[in-house]
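Subject: Structure handover

Hello,

Here is the structure you are taking over. Please have it open while you read the notes below.

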Amino acid sequence: MSISSDTIVCCQNGEAENGIVNGMMDHEGRPAKRSQSGYWRSACYIIGAGATERFAYYGISSNLITYLTGPLGQSTAAAAASINIWTGTGLLLPLLGAFVAESFLGRYRTIVLSSMLYILALGLLTTSAFLDFQPNELDVLLFFGSLYLMALGQGAYKPCILAFGADQFDDNHRQELRSRSSFFNWWYFSSCAGPLAALLVLNYIQDNISWAIGFGIPCISAAIALLIFLLGTKSYRYRIKRDEKCAISRVAQVFIKAAMNWRVIPSTSNNNEEEQDTVPHLRSQQFKFLNKALLAPDGSVEYGEVGIIMQEVEEAKALINLIPLWASSLGFGIVLSQPSTLFTKQGITMDRSIGSSFDVPAASLQYIIGLTIIIFIPIYDRVFVPLGRIATGNPSGVTQLQRIGTGMLLCTVSMVIAALVERKRLKTALQYGLVELGGGEIPMSFWWLIPQYIIFGISDVFTIIGLQELFYEEVPCGLKTVALSIYLSILGIGNFLSSFLIFIIQRVTSDQGGQGGWFSDNTNGAHLDYFYWLLAGVNAAGLLAFLCFARSFKCCSNTNRWNLVSD
């Protein structure tokens, strides 16, 4: 297979004649034919691989707090902090993965190599579970080393496979462009459908049969995900290698040159030239300090490189344009870390029986979020979007900003409900004298938790997919993997912030011996409700900031593409 760089050019102008997609090649290095490559025929392999990989990931992460507080003997607060740090690391490493993919390996090779690393990590994790935990330091080191190796593999895998999948749809083809919006919906559908079996079957195996088997099955699943991806190799479209600097290097050069020239005053004769629309979608009136990257030390424009440098400046501005929206979404990232940690600990203390002989594993309650998502996404894609197109004329039904804002509002509502339910749970524990006894199951059904899970799942459909599509659409071709890694960093930093909040609050609210507090190991004597109210406030503040930034946000997506879709 002669592939020198494996990311599709998404920003070519004009549609290729004779069925050839401009700037693309097939797996043998020949010009890619539209009828034989890309589109849904390729995306299906990528979606299938993504679903299987998510099964492997959630097979480990969804019940990790039970393993840490059980066989490893960590406290609730320490276990929640460990999970948040691990998850956050895994969601920040995509920045490194994007740099490697865009600068050296290309997206295809990065996906394959990171998948192999993923499989190795899960194999080591399974080996650690076979060991007899007392626990001793060597076993714990092997366990956490395997976890972070898995995070490294996932960090390179996630932004590349999502960008590679979206790249299979040509910007300049009416039908393919419209379908790409649906791809983001169905990608997230598969990402949630895959973990459902993990949340039901694997959690049961881990809790009742064997942790080693429960970790071994995800390892096999990761290998199957790689196989599915490789099966689609002949159908994918790949980027033709071009003699140009890496997009990341170009953007970095803009910031460096702008910083070096920050005291340089443009010459009067060049002021107007600096503002001209010399490239499509110029936003030179925004972030004008970056325009100084165009200047020579004497204040004149460097004419020999104006075209190239202006394009680079616009790429840098496209990234900066997303930063306010990124920052205002961090509150949502904090909330997103709760279902696999505190929501699960909350459910452990409740009556989870169905019938007389079956108890639902507490970690499997996350199934409700995934089930909500896979039910709601087809409704959204097949009902809401067509109706929205009629009402607004937007091919996606609503704008990405409207979609994200709606999701953040629903997320706040979910946390308010979680706080009210937790208050009810604590009152029930007090009523039946289960606080002083050190915990235990209370006579309150797990069905009380269903509303917060359902609304949380619907908010995911709006916010997560909206963020994915926004960050993919709003940057030039060479920065799409980087932009998606920045989107993932919202979730990663959210986990770190959640861990930090838990640590600070526990230090402040616990006694001198570290006992009690909001996150007491005795969940019936803790105050998770206070924490949920705090998160609701943080997310509401983030929503207000998001709305303010959205009002001044200038979309740099190709306007002509929207006209093409609506023709």
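What follows is a short account of what was found, from the whole chain down to single residues.

Please keep in mind that this is a predicted model.

Overall picture

The protein has 19 helices and 5 strands. It runs to 567 residues, and 58% of them are buried. Among contacts with a separation of 6 or more, 80% join residues that are 24 or more positions apart. The exposed area comes to about 22800 Å², of which carbon and sulfur atoms supply 63%.

Helix 1 and helix 6

The first pair to look at is helix 1, residues 39–61, with helix 6, residues 137–166. Their axes come within 11 Å and cross at roughly 155°. An angle over 145 degrees counts as roughly antiparallel, and helix 1 and helix 6 are therefore roughly antiparallel to each other. The crossing of these two helices is left-handed. On the helix 1 side, the contact is made by Ile 46, Ala 49, Gly 50, Glu 53, Arg 54, Tyr 57 and Ile 60. Helix 6 contributes Leu 147, Met 150, Gln 154, Tyr 157, Lys 158, Ile 161, Phe 164 and Gly 165. By type, the residues of this contact are 9 nonpolar, 3 polar and 3 charged.

Helix 14 and helix 16

The next pair is helix 14, residues 367–392, and helix 16, residues 450–473. Here the axes are 8 Å apart and the angle is about 50°. That angle makes helix 14 oblique to helix 16. Their crossing is right-handed. Helix 14 takes part through Ile 368, Ile 369, Thr 372, Ile 373, Phe 376, Ile 377 and Tyr 380. From helix 16, the residues in the contact include Ile 450, Tyr 453, Phe 456, Gly 457, Asp 460 and Ile 465. The contact of helix 14 with helix 16 divides into 14 nonpolar, 2 polar and 1 charged.

Asn 185

Asn 185 sits in helix 7, residues 174–208. Its relative accessibility is 1%, so Asn 185 counts as buried. Leaving aside neighbours within four places in sequence, Asn 185 is in contact with Ile 377, Tyr 380, Asp 381, Arg 403 and Ile 465. Of these, Ile 377 and Tyr 380 also belong to the helix 14 side of the contact just described, and Ile 465 to the helix 16 side. The C-alpha atom of Asn 185 is 9.7 Å from that of Ile 464, although the two residues are 279 residues apart along the chain.

Arg 352

Arg 352 is in the loop between helix 13 (342–348) and strand 4 (353–354). With 14% relative accessibility, Arg 352 is also classed as buried. Beyond its neighbours within four places in sequence, Arg 352 is in contact with Gly 347, Phe 358, Asp 359, Val 360, Pro 361, Ala 362 and Phe 446. Between the C-alpha atoms of Arg 352 and Ser 445 there are 6.3 Å, and 93 residues separate the two along the chain.

Gln 253

Gln 253 lies in helix 9, residues 247–260. Its relative accessible area is 32%, so Gln 253 is partly exposed. Gln 253 and Ala 316 are 63 residues apart along the chain, and their C-alpha atoms are separated by 9.4 Å.

Regards

Technical notes. Residues are numbered from 1 along each chain as its sequence is written. This is a predicted model: local features need pLDDT of at least 70, side-chain atom pairs count only at pLDDT 80 or more; totals for chains, interfaces and linings use all residues. Side-chain values use heavy atoms; hydrogens and water are left out. Helices (H or I, at least four residues) and strands (E, at least two) are DSSP runs, numbered from the N terminus. Buried means under 20% relative accessible area, exposed over 50%, partly exposed in between (1.4 Å probe, protein chains only). Contact means heavy atoms within 4.5 Å. Accessible areas come from the Shrake-Rupley method with a 1.4 Å probe; for residues, only the protein chains shown count as cover. Axes are lines fitted to C-alpha atoms, for helices over the stretch in contact, and angles run from 0 to 180 degrees between N-to-C directions. Angles under 35 degrees count as roughly parallel, over 145 as roughly antiparallel, 65 to 115 as roughly perpendicular and the rest as oblique. A crossing is left-handed if the near helix is turned anticlockwise from the far one by less than a right angle, and right-handed if clockwise. Ala, Val, Leu, Ile, Met, Phe, Trp, Tyr, Cys and Pro count as nonpolar, Asp, Glu, Lys and Arg as charged, and the others, Gly among them, as polar.
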